[in-house]
Amino acid sequence: MPYRTIIEPFRIHSVQAIDFPTGEQRQEALLRAGYNLFGLHGDEVIIDLLTDSGTGAMSAQQWAGMMVGDESYAGSRSFYRLRDVIEDLTGLQEIIPTHQGRAAEKILFTTVVNEGDVVPNNTHFDTTRANVEYQNAEARDLVISEGIDPSSEAPFKGNMDVVALVRTIEEVGRERVPLIMVTVTNNSGGGQPVSMANLRAVREVCNRYEIPFFLDACRFAENAWFIKQREEGYADRTPKEIAQEMFSLVDGCTMSAKKDGLSNIGGFLAMNNPHVARQCRNLLILTEGFPTYGGLAGYDLEAIAQGLVEVLQEEYLRYRIRSTGYLADKVSGAGVPIVRPPGGHAVYLDAKSFLGHIPPHEYPAQALAVELYREGGVRGVEIGSVMFGKPQPDGTELPAAMELVRLAVPRRTYTQSHIDYVGEVVIAVAERAEHLRGYRIVEQAPWLRHFTARFEPV
Ligand code: F0G
């Protein structure tokens, strides 16, 4: 077949204007925000790649669904539509809507995790880790070694290290492992996929030790697409069939519908165990709302139900994964080091290897993120020592394993020319990399400091 450009599989029907702050205005905004990009106003950003969460564009079908949303407090028709879609996709019997992913995590872990427990995951996302630790339990990351090597081209770098998993269970004892989680795709590990073979291997371990298996399913459709592309035996299966097989291997899942739910808000918890589900629903009523709306409007439930159908369309997933790969090719092609191979939802720039002259305690990835904004109004997020550095008693800091800037691509929001522009901005900054200087923190909170810290150039 002749090569053809993979195009956006949609026409644009409604648009939002982008503001174009000048270089001078961007500099002022940086000063005001203390060089913390979380302190910028949305209107001060030209292309916003801070997150792919809740930032996507909904389809006409989703907006239409919102008009027929049923706002009944109890027994909303929209809930039953969502329940049917999730049941068809996951095969899971107990479906509990929540206002977003972390609410599902909080409810699940409050119910099943006890003090002193250990929860294995390939890599916990920040809120997942925080919710485990809030129970005074340990969140243990057991991704395969390729998963923390930015240059490895392994196809499934999100896989769980099954040998380490078994070792962990043997070491701490089965009764201290209340569940095993796998995050698809592995966001904190670069948006890397997990293979079906690996999910099956984790399932076997769960069977052997009788431990429940849960997916953190935020990006399940992107993971299914990678399986279709890369895993033997799946090329002719539809993304939906692959996703169904993934879910058939687990006892439950937590989900943020702000990613592969193609919605601006929402999430859910699903499982097969009716006893645990009953306890979760009791908590849900306390914190989120009645079990048929879980903190969401009826119209949100409609949007998610429709989003979960659209996200599995092949044309959509081909475009989606290609648009991330396209940005990766563009910047890699110009010699900018990135985490390889590109993940599903984001490109991760490897600041450590191209800003080697800035030591970790001067936050090279923060310097790079600030510079991308200063150069072209592009906002990414630092995932390095600002986020994960560990302050020591002697005032020094243990640096993070990697110094990355994540450029997350919102779904169906930016076109190819926006992405070309982002590539140009990254390359322009890379060309003057040796002139970039580090930062010091002048103000910080005792936890999750990256959201509010203020910086000064060194
Ligand atoms: N799990 C994963 C793997 C995530 O990426 C996120 C959110 C959550 C759970 C929590 O979901 O935000 O709906 O409460 N990730 C976003 C991000 C915020 O930018 O990566 P939530």
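A polar contact here is a pair of N or O atoms within 3.5 Å. With that in hand, the ligand is a good place to start in this predicted model. A polar side-chain atom of R406 sits 2.7 Å from an oxygen atom of the ligand, which falls inside that cut-off. Two other side chains do much the same job of reaching ligand oxygens: an N or O atom in the side chain of S256 is 2.7 Å from one, and for R219 the figure is 2.9 Å. Taken on its own, the ligand has 470 Å² of accessible area, and the protein covers 93% of it.

As for what surrounds the ligand, the shell counts 17 residues. The closest of them are T51, R102, D216, S256 and K259, so S256 turns up both in this list and among the side chains with a ligand oxygen within 3.5 Å. Helix α4, residues 101-112, gives the largest share of the shell, with three residues.

Next come the aromatic rings. The count of aromatic pairs comes to nine. One of them joins F38 and F451, whose ring centres are 4.9 Å apart and whose planes meet at 70°, an edge-to-face arrangement. This pair ties together distant parts of the chain, with the two positions 413 residues apart in sequence: F38 is in the loop between α1 (23-32) and β1 (47-48), and F451 is in the loop between β15 and β16 (454-457). Neither ring belongs to a buried residue, because F38 has 30% relative accessibility and counts as partly exposed, and F451, at 40%, also counts as partly exposed.

Another pair is made by Y73 and F290, with ring centres 5.8 Å apart; the planes are at 40°, so this pair counts as tilted. Here too, distant parts of the chain are linked, 217 residues apart: Y73 belongs to the loop between α2 (60-67) and α3 (77-90), and F290 to the loop between α10 (274-287) and α11 (298-310). On accessibility, Y73 is exposed, because its value of 55% is over the 50% mark, while F290, at 29%, is partly exposed. Elsewhere, F10, Y316 and Y319 come together as one aromatic cluster.

Back at F451, the surroundings can be filled in a little. Setting aside residues up to four places away in sequence, F451 touches N36 and F38, the latter being its partner in the edge-to-face pair. P393, on the other hand, is 58 residues from F451 in sequence, and the two C-alpha atoms are 23 Å apart in space.

What about the cysteines: how many disulfides does the structure hold? The number is zero. For C206, the nearest cysteine sulfur is that of C253, and it is 14 Å away. C206 is also buried, because its relative accessibility is just 1%. For C218, the closest cysteine sulfur is again in C253, at 9.4 Å, and that is too far for a bond because a disulfide needs the sulfurs within 2.5 Å. C218 counts as buried as well, because 12% relative accessible area is under 20%.

S385 offers a view of another buried spot. This serine is in helix α15, which runs over residues 385-388, and it counts as buried because its relative accessibility is 1%. Its side chain makes a polar contact with the side chain of E403, at 2.5 Å. Leaving out residues up to four places away in sequence, S385 touches P360, Y363, E397, P399, A400, E403 and R449. E403 is thus on the list of touching residues as well as being the polar partner.

R432 rounds off the tour. It is found in the loop between α16 (416-431) and β15 (439-443), and it counts as partly exposed because its relative accessibility is 26%. Apart from neighbours within four places in sequence, R432 is in contact with E371 and E375. With E375 there is also a polar contact, side chain to side chain, at 2.7 Å. Y326 is a different matter: it is 106 residues from R432 along the chain, and the C-alpha atoms of the two are separated by 23 Å.

Technical notes: Residues are numbered from 1 along each chain as its sequence is written. This is a predicted model: local features need pLDDT of at least 70, side-chain atom pairs count only at pLDDT 80 or more; totals for chains, interfaces and linings use all residues. Side-chain values use heavy atoms; hydrogens and water are left out. Helices (H or I, at least four residues) and strands (E, at least two) are DSSP runs, numbered from the N terminus. Buried means under 20% relative accessible area, exposed over 50%, partly exposed in between (1.4 Å probe, protein chains only). Contact means heavy atoms within 4.5 Å. A polar contact is a pair of N or O atoms within 3.5 Å; within protein, one must be able to donate a hydrogen and the other to accept it, and residues adjacent in sequence count only if both atoms are side-chain atoms. Rings of Phe, Tyr and Trp (its six-membered ring) pair if their centres lie within 6.5 Å; planes under 30 degrees apart count as stacked, over 60 as edge-to-face and the rest as tilted. A residue is near a molecule or strand if one of its heavy atoms lies within 4 Å of it. Accessible areas come from the Shrake-Rupley method with a 1.4 Å probe; for residues, only the protein chains shown count as cover.
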